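Hi,

Here is the structure I promised to pass on to you. Have a look at it first, and then read my notes underneath.

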Amino acid sequence: MVDSDTGQLKKPKPKKQYSLFFKFLSLLSVVRGYNIAIIVLAQYLAAIFIFSPEKSLKDVVLNLDLYFLVLATICVIASGYIINNFYDSKKDLINKPIKSKIDSIVSQKIKLRIYFLLNFIGVCFGFLVSWRAALFFSIYIFLIWLYSHKLKKYPLTGLFSASILSILPFFAIFIYYKNFSEIIFTHAAFLFFVLMIRELLKDLENIKGDIVQNYQTIPVKYGEHFTKLLITVLIFLTMNPVYFLWEYPEIGLMKYYFYFVGIVFILFLIFLWKAKTKKDYVILHNTIKLIILIGVLSLMLIDTSVIIKRILKV
């Protein structure tokens, strides 16, 4: 470029160099380390309190197969967030300018290298359990890429695929323990509906960037009013498994969590129909994330004596 005052060529500004620490923080932002930590915690608590209630705490925590399944999950989900960030980079400049700036500290080229490396390591961890586990994670990797590249741009496929992909890590643990009890399917139905609500709120929150990038999400194609109506229907559908779990004695003190959910959803609906700005949708989205987090921690309430018993049981 030519300087308009001097008529001489301008020297390009040197690219700002960041320390390894800031690059690590940037990668942590890209892979959403907080979300991965919650998923890992949920996998272990589900394994302890739902999938294998008859086993000792030591047997579950020190189970190498479970450990490798969790490590595979961490790698594959982290790589999924990277490829999702890659395809959404332009949209995020509009919807999440601050996060986008942090994420851009690490170049797209390096992110893609880490993406392929994490996928390879994840499948290898799967092979340490069985070839079926490796096949499961290979298919999971492909589905995440397909969602990020194509499916998320369309209304129904984006909604359903995002919710299914979020619940699949628990499916791996579920298949490993081969526990097909009624309560597991009921918990899964509850979580699936809540995840669908979360995805719709994310779409409402990010509607501006979706319009610019021509993502045909439900709010973009059918409008905010229809989306709110759909969320309302999903909340009523969510109350079906909640009502069943209220009456299920095996969940122990966790029933109080579902009482809490019932009350929160009533207030949630009131605020939803009053919501108009992005800030309102962010609050609603964070409320759903809080419900999920408390739900994960509440798994320990299924049997409060179980922790002491299992610590003592060898």
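Below is what I found, going from a pocket to the rings and then to a few spots on the backbone.

One thing before you start: this is a predicted model, so please read everything here in that light.

**The pocket**

I looked at the second largest pocket, which holds about 310 Å³ of space. Which helices supply at least two residues each to its lining? They are helix H8 (131-149) and helix H9 (155-177). The residues that line this pocket are Leu69, Val129, Ser130, Arg132, Ala133, Phe136, Phe137, Phe171, Ala172, Ile175, Tyr176 and Lys178. Sorted by class, that lining comes to 9 nonpolar, 1 polar and 2 charged residues, in case you want to set up probes for it.

**The rings**

Some of those names come back when you look at the aromatic side chains. Phe136, Phe137 and Phe171 line the pocket, and ring pairs link these three with Tyr140 into a cluster.

How many aromatic pairs are there in the model? The count is 17. One of them joins Tyr243 and Trp246, edge-to-face, with 6.4 Å from centre to centre and 75 degrees between the planes. Both residues sit in helix H13 (residues 224-246), 3 residues apart, or about one turn of the helix. Trp246 has a relative accessibility of 25%, so it counts as partly exposed.

Phe265 and Phe268 make another edge-to-face pair, at 6.1 Å centre to centre and 75 degrees between the planes. These two are in helix H14 (residues 255-274), again 3 residues apart and about one turn of the helix. Are they buried or exposed? Phe265 counts as buried because its relative accessibility is 2%, and Phe268 is buried too, at 4%.

**Helix H2 and the loop before it**

Helix H2 (residues 33-51) has 19 residues, and at 1.5 Å a residue it should span 27 Å. Its end C-alpha atoms are 25 Å apart, which agrees with that. The helix does bend, by about 25 degrees at Leu45. It is mostly covered, with 14 of its 19 residues buried.

Arg32 is in the loop between helix H1 (20-30) and H2. What stands out about its backbone is a positive phi of about 55 degrees, although Arg32 is not a glycine. As a reminder, most residues other than glycine have a negative phi. Arg32 is partly exposed, since its relative accessible area is 23%. In space, its C-alpha is 9.4 Å from that of Ile77, while the two residues are 45 apart in sequence.

**One more contact across the chain**

Leu93 belongs to helix H5 (residues 89-95). Buried or exposed? Leu93 counts as exposed, because its relative accessibility is 55%. Its C-alpha atom is separated by 8.0 Å from that of Gly209, which is 116 residues away along the chain.

That's what I have for now. If you open the model, I'd begin with the ring cluster of Phe136, Phe137, Tyr140 and Phe171, and then turn to Arg32 with its positive phi.

Cheers

Terms used:
Residues are numbered from 1 along each chain as its sequence is written. This is a predicted model: local features need pLDDT of at least 70, side-chain atom pairs count only at pLDDT 80 or more; totals for chains, interfaces and linings use all residues. Side-chain values use heavy atoms; hydrogens and water are left out. On a 1 Å grid over the protein atoms alone, a cavity is a set of points where a 1.4 Å probe fits but cannot get out, and a pocket is an open set with protein on both sides within 12 Å along at least five of seven lines; lining residues have an atom within 4 Å of a point. Grid points are joined across faces, edges and corners, and a volume is the space filled by probe spheres set on the points. Helices (H or I, at least four residues) and strands (E, at least two) are DSSP runs, numbered from the N terminus. Ala, Val, Leu, Ile, Met, Phe, Trp, Tyr, Cys and Pro count as nonpolar, Asp, Glu, Lys and Arg as charged, and the others, Gly among them, as polar. Rings of Phe, Tyr and Trp (its six-membered ring) pair if their centres lie within 6.5 Å; planes under 30 degrees apart count as stacked, over 60 as edge-to-face and the rest as tilted. Buried means under 20% relative accessible area, exposed over 50%, partly exposed in between (1.4 Å probe, protein chains only). The expected span of a helix is 1.5 Å times one less than its number of residues. The bend at a residue is the angle between axes fitted to the seven residues ending there and the seven starting there.
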